[in-house]
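Visitor: I would like a close look at a single part of this model, with the cut-offs behind each term stated as you go. Please take that part slowly, and then connect it to whatever lies around it.

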Amino acid sequence: MFVGRHSALSEYFSLEGLHKLILDAGVYGVVLFILLYAVGILMNVPGVLYLFIGFMVYGGLYGFLVVYLASFVAVMVHFLFVRFMAGEALSEVKHPFVKKQLAKLETSPISTILVLRVIFYVSPPVNYALALSPLRIRDFVIGSLLSLPVSISVYYVLVMFAKDQWIRWISCSV
C-alpha cells in the first residue's frame with residue numbers, strides 16, 4: 001500500500017489518470033480497467049472510484065456489465081490473495097464477540113455476504129475479514145455474484161445523478 005501511494009504508480013490510480021489511461025487503451029481498455037481495479041483494491045483504493053470511472057467511461061448497460069465483471073474479479077483476487085497469504089486466521093480467534101459473528105457467517109454465509117456487499121460494496125476491510133474467516137470459496141463466489149448487481153445499481157443511480165455536477169466541477173477547475 002505504501003509503494004502504491006508514494007510512487008509514480010499513484011498517478012494511474014487518480015480519477016483523471018484512470019479515465020485517460022482506459023480511453024487511450026482502446027480495445028484493451030476493459031482488460032486494463034479490470035486489472036487496475038483488482039490491483040487498486042489490493043492497494044486499498046476505494047472500489048467506488050472504479051465504479052465511478054467505469055460508468056463515466058463506458059456508460060449505460062455496457063458500463064454496468066464492465067463494472068460488475070471488474071468488481072467480481074477484484075473481490076476474488078483480493079479474497080484469494082489474503083486467503084493464500086494468511087489462511088483462515090480468524091477461525092482461531094478466542095474472543096466471544098468475534099466467535100459469535102463467525103458463527104453467524106458459518107450458519108448463513110450467502111445471506112451474510114449479501115448484506116455486507118450491499119452495504120459495503122467491495123470494501124477492502126470486508127474482503128480481509130471474509131478471506132480470513134472459515135468461509136468457503138463457493139459461498140463467497142455465490143454471495144458476491146448475487147449481491148454486487150444490487151450495490152452497483154444503487155451506486156449507478158448516484159453516479160448518474162452526480163455526473164453532471166462532477167463534469168461541471170472538473171471543467172471549472174481546469
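How many of the 12 residues of helix 4 are buried?

Guide: Of the 12 residues of helix 4, 10 are buried, so this helix is largely enclosed by the rest of the structure; buried here means under 20% relative accessible area, exposed means over 50%, and partly exposed lies in between, with a 1.4 Å probe and protein chains only. This is a predicted model, in which local features need pLDDT of at least 70 and side-chain atom pairs count only at pLDDT 80 or more, while totals for chains, interfaces and linings use all residues. Residues are numbered from 1 along each chain as its sequence is written, and side-chain values use heavy atoms, with hydrogens and water left out.

Helix 4 covers residues 47–58, where a helix is a DSSP run of H or I with at least four residues, a strand is a run of E with at least two, and both are numbered from the N terminus. Its end C-alpha atoms are 16 Å apart, in agreement with the 16 Å that its 12 residues should span at 1.5 Å a residue, given that the expected span is 1.5 Å times one less than the number of residues. The buried positions are Gly 47, Tyr 50, Leu 51, Phe 52, Ile 53, Gly 54, Phe 55, Met 56, Val 57 and Tyr 58. After the helix comes Gly 59, which has a positive phi, near 60°.

As for the setting, the protein has nine helices and zero strands, and buried residues make up 40% of its 174 residues. Among contacts (heavy atoms within 4.5 Å) between residues at least 6 apart in sequence, 79% join residues at least 24 apart.

The core is the next thing to consider. A nonpolar core is a set of buried Ala, Val, Leu, Ile, Met, Phe, Trp, Tyr and Cys residues joined through side-chain atoms within 4.5 Å, and the largest one here has 41 residues, of which Phe 33, Tyr 37, Tyr 121, Leu 130, Phe 140 and Ile 152 touch the most other members. Helix 4 is among the elements that give two or more residues to this core, together with helix 3 (29–42), helix 5 (60–86), helix 8 (124–132) and helix 9; the largest share, 10 residues, comes from helix 5. Ile 152 shows one link back to helix 4, for its contacts, leaving aside neighbours within four places in sequence, include Leu 51 and Phe 55, along with Phe 64, Val 67, Tyr 68, Ser 71 and Tyr 121.

Aromatic rings add a further connection. A search of the whole structure finds seven aromatic pairs, where rings of Phe, Tyr and Trp (its six-membered ring) pair if their centres lie within 6.5 Å, and planes under 30 degrees apart count as stacked, over 60 as edge-to-face and the rest as tilted. Tyr 58 and Tyr 62 form an edge-to-face pair, at 5.6 Å centre to centre and 80° between the planes. Whereas Tyr 58 is among the buried residues of helix 4, Tyr 62 is partly exposed at 48% relative accessibility. Ring pairs also link Tyr 50, Tyr 58 and Tyr 62 with Phe 33 and Tyr 37 into a cluster.

Another pair, Tyr 121 and Tyr 155, has ring centres 5.5 Å apart and planes at 50°, so it is tilted. This pair links distant parts of the chain, since Tyr 121 lies in the loop between helix 7 and helix 8 while Tyr 155 lies in helix 9, 34 residues apart. Tyr 121 is buried at 1% relative accessibility, and Tyr 155 is partly exposed at 22%.

Helix 9 (residues 137–173) also holds Ser 144, which is buried at 0% relative accessibility. Not counting residues up to four places away in sequence, Ser 144 touches Phe 72, Val 75, Ile 113, Arg 117 and Pro 149.

The charged groups are the last topic. Two salt bridges are found in the whole structure, a salt bridge being a side-chain nitrogen of Lys or Arg within 4 Å of a carboxyl oxygen of Asp or Glu. Asp 139 pairs with Arg 136, the closest N and O atoms being 3.4 Å apart, and Arg 138 pairs with Asp 139 with its closest N and O atoms 3.4 Å apart. Asp 139 is buried at 7% relative accessible area, whereas Arg 136 is partly exposed at 47% and Arg 138 is partly exposed at 48%.
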